[in-house]
Amino acid sequence: MEESNNPQVANVSRRTFLEGTGAALAAVCLTGTASNLREMTAPEQALAQEALDEENGEWVSCACWWSCGGRCMNKALVVDGVPVRQKTDDTHEDSTEYPQQRGCLRGRANRRQIMGADRLKYPMKRKHWEPITGGDKSLRGVDEWERISWDEAMTYIADEIKHAVEAYGNNSVVVTHSTDNEVKRVMYQYGGCTNVWDSSSPGAFSITSPYFGGSQYPSAALNDRFDLLNSETIVMFGSNPAWSAPGMPMNNLLAAKAAGAQFICIDPFYTDTAAALDAQWVPVRPSTDAALIMGMCYVLITEDDPEANPLLDHDFIERCTQGYDAEAMPEGSDPQGNFKDYVLGTFDGIPKTPEWAARICGVDEETIHDLAYAVAAPIKVALMSGWGPARGYNQESYPHAFWGLGCITGHIGKSGHMTGVSCRVDAANGGGQLAINGTNNWPEMSNAVDDIICTNELWSAILTKKYHYQGESGAFQSAEERDIDLHVLYNSGMFSILPTYTGGKEGVDAFREIDFVVTQTLFPMPAAMYSDIVLPVCSQWETPGHLGTWSNTVYAYSNREFFPFYTQVIEPIGECKTDGEIAKMLAEKLGLDPEESLPGNDAQWFFDMVATSTAVDTDGVTSVPLVGITQEDIDALGVMGEPQEGLISYQDLKANGGYQVHRTPDDNYGYIAYQAFVEDPENNPINTESGKFELFSPSLKKVYDEVAIGEGFLPIPSYTPSIDGYEQTFSDWENQVKGEFAFQRWSPHYMRRAHVMFDQIGVLREAFSGNFMMNADDAAALDIADGDAILVTAPNGAQAVRPVTVTNRVMPGLLLHPHGAWNEIDAETGIDFGANSGYLTTGRAVGLGVIGTNSQIAKIEKWTGEEQLPDTERELLIINLGA
Ligand SMILES: Nc1nc2c(c(=O)[nH]1)N[C@H]1C(S)=C(S)[C@@H](COP(=O)(O)OP(=O)(O)OC[C@H]3O[C@@H](n4cnc5c(=O)[nH]c(N)nc54)[C@H](O)[C@@H]3O)O[C@H]1N2
Ligand SMILES: Nc1nc2c(c(=O)[nH]1)N[C@H]1C(S)=C(S)[C@@H](COP(=O)(O)OP(=O)(O)OC[C@H]3O[C@@H](n4cnc5c(=O)[nH]c(N)nc54)[C@H](O)[C@@H]3O)O[C@H]1N2
Ligand code: SF4
Ligand SMILES: [Mo]
């Protein structure tokens with residue numbers, strides 16, 4: 001297939017696209033008008049073309065299902081089977097009560113991605129791959145590709161799995177997907193496989209919050225967006241919704257600003273969010289927020305006077321928490337282990353003063369003091385945290401510290417007061433979903449293999465044949481070192497693994513070590529390029545429909561008020577197949593009955609999800625079926641089912657592109673998190689051992705003692721230095737002598753991409769350069785100018801080169817590494833000229849398995865080698881195996 005002349009527009013012409021898809025070859029119907037168009041000026045022609053398209057085409061609601069932070073309404077104008085334009089929600093006037101569910105710049109570029117010239121269209125195999133031995137495995141990542149048939153591909157894959165299972169056991173096959181997706185279900189049917197788990201999104205929030213009474217999601221912990229308007233001060237730790245949760249969340253925050261709230265953004269980067277909200281920016285070093293919070297707590301505790309200077313909420317501390325001071329410690333535990341004495345340094349001899357904190361976190365003493373007063377108990381404060389600060393090695397204690405601050409100031413359970421995670425679609429908007437997606441009725445299955453590896457050590461597990469078994473977050477088991485002999489790596493989609501897991505450099509070695517690697521995906525992304533067989537998957541524009549995502553396994557919802565809905569937009573591209581179809585072929589090749597693990601087909605699963613979707617009725621309590629379905633709908637979908645009544649008809653849902661609850665401030669959907677508990681803790685306990693917020697948590701202590709790898713974790717709000725953190729940038733911390741790896745490197749989620757998706761889209765590359773970013777003073781000291789390329793080296797020797805943007809938006813001493821670039825590893829030097837953020841990240845088995853992407857150190861040098869082109873001028877990776 002031919003590409004556009006301008007490679008940055010990674011798009012195919014309408015005609016070549018149709019040829020490539022094998023869809024109807026009809027060109028778009030312009031006959032009769034084409035000659036008129038030719039006489040017009042270019043802008044007139046464009047307008048006329050637009051009008052013609054509108055006349056001949058249909059706006060179809062289309063999926064935007066990436067792991068991107070949002071679930072917005074997107075529509076494509078489809079003319080003769082080809083999407084020619086996109087738009088977002090214009091179904092109603094925009095208002096605060098009933099906001100449009102507008103998509104971001106990425107969503108509106110979906111058409112360029114889904115129909116991009118880089119879409120994989122055929123099953124393919126690495127040229128020098130050989131069955132069972134793998135052939136020359138060192139060629140992975142540099143080999144050429146050959147097109148093969150689906151039958152060949154699935155036979156090869158099934159043979160490799162059979163061989164591995166027979167020779168080494170079921171646990172020699174690892175399937176990398178964090179949920180029980182289609183391929184995993186087939187493997188469970190075949191006797192099981194090794195699983196992986198990770199804390200990649202919420203970091204430590206998913207791991208430690210349940211023990212002390214917090215939550216990893218906004219829905220349970222934040223008040224409803226209408227109540228946010230009652231907050232006087234909104235403090236955001238590591239949260240940049242302008243990039244990572246566009247749409248509703250920024251709307252909610254801007255509404256709070258209009259209502260008079262003051263904003264404080266605590267972040268190593270002066271974010272677009274801070275700029276949009278005119279916030280006070282408090283620059284903080286990555287993975288040191290817990291130290292900052294301890295400094296604030298010191299001020300609050302030592303300067304509080306209930307009468308003259310009330311800073312703490314003693315009533316809340318007494319009624320709603322455990323372990324604040326020696327008297328409040330649970331029976332049977334050491335009274336010295338309480339929170340207050342830790343802050344005062346009574347027993348460890350280290351008072352956590354602002355001076356102590358400033359040295360670690362980089363916020364000066366006076367600002368720490370002011371911050372403490374800014375969150376004092378009498379003020380209506382919303383404490384919000386993104387997940388970023390919790391994504392660092394040894395940051396298990398950060399969520400506890402964050403929540404501890406909310407506990408001692410009592411910003412929980414009352415109007416205008418809240419403490420919680422604010423992230424992704426439901427950022428700045430607490431309360432449960434008001435329209436809830438249903439299920440696909442797949443039968444329960446379990447895995448007969450109990451090996452499960454934290455992704456931080458998957459690569460070393462392949463290379464060393466050992467790993468630390470810990471169970472997984474939510475089901476931890478006493479830690480033990482286990483042998484593991486992995487031979488097949490099945491990368492079953494959803495996760496890009498090589499560029500997104502920690503330890504990317506070892507990852508390349510692991511890919512080249514294991515016997516067989518298969519990846520099913522949409523694009524020639526790094527993991528696919530290092531595989532033996534690659535299976536092209538349909539995008540969600542090519543399946544009957546889903547509710548928010550694929551597999552009905554993850555993240556299938558939007559903000560609480562919106563239920564996105566989409567159906568098929570185009571025919572499958574090339575020979576692409578759905579995940580369900582692929583898994584069923586695999587089952588057959590393994591000699592299994594696919595109907596046992598995956599009964600039905602994509603259309604039926606979609607229908608079952610729709611039919612079982614529910615909504616909360618206007619009384620705020622009753623659950624009712626969401627979608628009304630007629631016999632005609634069922635017949636048209638070709639599925640089995642019964643007609644039913646619902647709040648919105650299937651046809652309206654489809655035409656509208658979703659269902660949205662029309663909110664009003666006095667409706668029954670308001671929500672104050674933890675309200676019942678705070679009003680009457682005895683009768684409404686929260687889900688902890690004590691029924692209260694546990695400043696000292698005995699169950700967390702047990703997990704730290706029995707499961708955590710490494711020392712130094714305290715079951716109270718506290719600061720634990722990261723193993724790759726600020727302190728490690730010094731060769732002599734006491735005398736403050738900087739070491740070789742003098743910079744901290746962290747990798748925020750980047751506006752241009754959804755992780756590694758959207759990376760090859762020209763218009764997005766123009767809008768966001770993809771450059772590293774560093775502080776102007778640091779750059780000057782290293783003789784680096786804006787736009788120069790830099791060589792970045794990690795302590796394990798991993799290296800990357802890209803241009804750097806020099807800016808004072810980045811705090812000194814740091815390197816901002818935008819997350820998600822595709823690896824481009826030079827075979828000779830091992831340097832990653834794509835500068836993928838995971839490649840430089842060290843993979844570590846430490847603590848309770850928190851991902852370490854924001855706690856990394858680096859050496860920075862000016863690059864003196866070959867000139868590096870900006871992303872807008874770089875060639876795109878396109879594997880063209882068309883006939
Ligand atoms: N554009 C875009 N949006 C996305 C995604 C994407 O890939 N691209 N991914 C989505 C997904 S899957 C997720 S999990 C969410 C993640 O959502 P978040 O975790 O909230 O997003 P991040 O950008 O990683 O971090 C948010 C902010 O925290 C700051 N930060 C990082 N480390 C620290 C720290 O130690 N202390 C403090 N105070 N601040 C810190 C970063 O500089 C950034 O400004 O984003 C979602 N949204
Ligand atoms: N350095 C660094 N690393 C990070 C982070 C960070 O901030 N910094 N953030 C972490 C976080 S929060 C997350 S969530 C992870 C995300 O990491 P990943 O989930 O690995 O990243 P994505 O780019 O979303 O990967 C999606 C993959 O699924 C494929 N895909 C998309 N749709 C389908 C489909 O319908 N079927 C199939 N089979 N495949 C499909 C795409 O082609 C792509 O390969 O990254 C983590 N890694
Ligand atoms: S935030 Fe996500 S769902 Fe919304 S338009 Fe952007 S990429 Fe799509
Ligand atoms: Mo994530």
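Select R482 and Y469 to begin: in this predicted model, R482 lies over the face of Y469, at a distance of 3.7 Å from the ring centre. A comparable selection is K87 with W59, where the charged end of K87 sits over the ring of W59, 4.5 Å from its centre.

Next, turn to contacts between rings, of which the structure holds 35 aromatic pairs. Select F677 and F693, which form an edge-to-face pair with 5.6 Å from centre to centre and 80 degrees between the planes. This pair links distant parts of the chain, since F677 belongs to helix 27 (residues 675-679) and F693 to strand 29 (residues 693-694), 16 residues apart. Both F677 and F693 are buried, and hiding the surface may help in bringing them into view.

Moving on, select F833 and W863, another aromatic pair that is edge-to-face, with 5.7 Å centre to centre and 70 degrees between the planes. Here too the pair links distant parts of the chain: F833 is in the loop between strand 37 (831-832) and strand 38 (856-862), whereas W863 is in the segment after strand 38, and the two are 30 residues apart. Because its relative accessibility is 16%, F833 counts as buried, the cut-off for that term being under 20%.

Stay in that loop and select A835, which is also placed between strand 37 and strand 38. Phi of A835 is near 60 degrees, a positive value in a residue other than glycine, and A835 is buried, with a relative accessible area of 3%. For another residue of this kind, go to D783, in the loop between helix 30 (776-781) and strand 34 (789-793); D783 has a positive phi of about 60 degrees although it is not a glycine. Is D783 buried or exposed? With a relative accessible area of 53%, D783 is exposed.

Now select F205, F212, F237, Y398, F402 and W403, which ring pairs link into a cluster. Three residues named in that cluster, Y398, F402 and W403, are also listed among the buried residues of helix 18, so extend the selection to the whole of helix 18 (residues 398-409), where the end C-alpha atoms are 17 Å apart, in agreement with the 16 Å that twelve residues should span at 1.5 Å a residue. Twelve of the twelve residues of helix 18 are buried, and the helix is therefore largely enclosed by the rest of the structure. Just after helix 18, select G410, which takes a positive phi of about 70 degrees.

The last stops are two helix crossings. Select helix 13 (residues 289-303) together with helix 16 (residues 354-361): their axes come within 8 Å and cross at roughly 165 degrees. Helix 13 and helix 16 are therefore roughly antiparallel to each other, and their crossing is left-handed.

Then select helix 6 (residues 182-189) and helix 22 (residues 579-589), whose axes come within 8 Å and cross at roughly 20 degrees, which makes helix 6 roughly parallel to helix 22. The crossing of helix 6 and helix 22 is right-handed. Helix 6 is mostly covered, as eight of its eight residues are buried, including E182, K184 and R185. To finish, step just past helix 6 to G191, which takes a positive phi of about 115 degrees.

Technical notes
Residues numbered from 1 in each chain as written. Chains lettered and ligands numbered in written order. Predicted model: local features only at pLDDT ≥ 70, side-chain atom pairs only at ≥ 80, totals over all residues. Heavy atoms only, no water. Phe/Tyr/Trp six-rings, centres within 6.5 Å; stacked < 30°, edge-to-face > 60°. Helix = DSSP H or I, 4+ residues; strand = E, 2+ residues; numbered from the N terminus. Buried < 20%, exposed > 50% of the residue type's maximum accessible area, 1.4 Å probe, protein only. Lys NZ or Arg CZ within 6 Å of the ring centre and 35° of its normal. Expected span 1.5 Å × (residues − 1). Axes fitted to C-alpha atoms, helices over the stretch in contact; angles between N-to-C directions. Parallel < 35°, antiparallel > 145°, perpendicular 65-115°, else oblique. Left-handed = near helix turned anticlockwise from the far one by under 90°.
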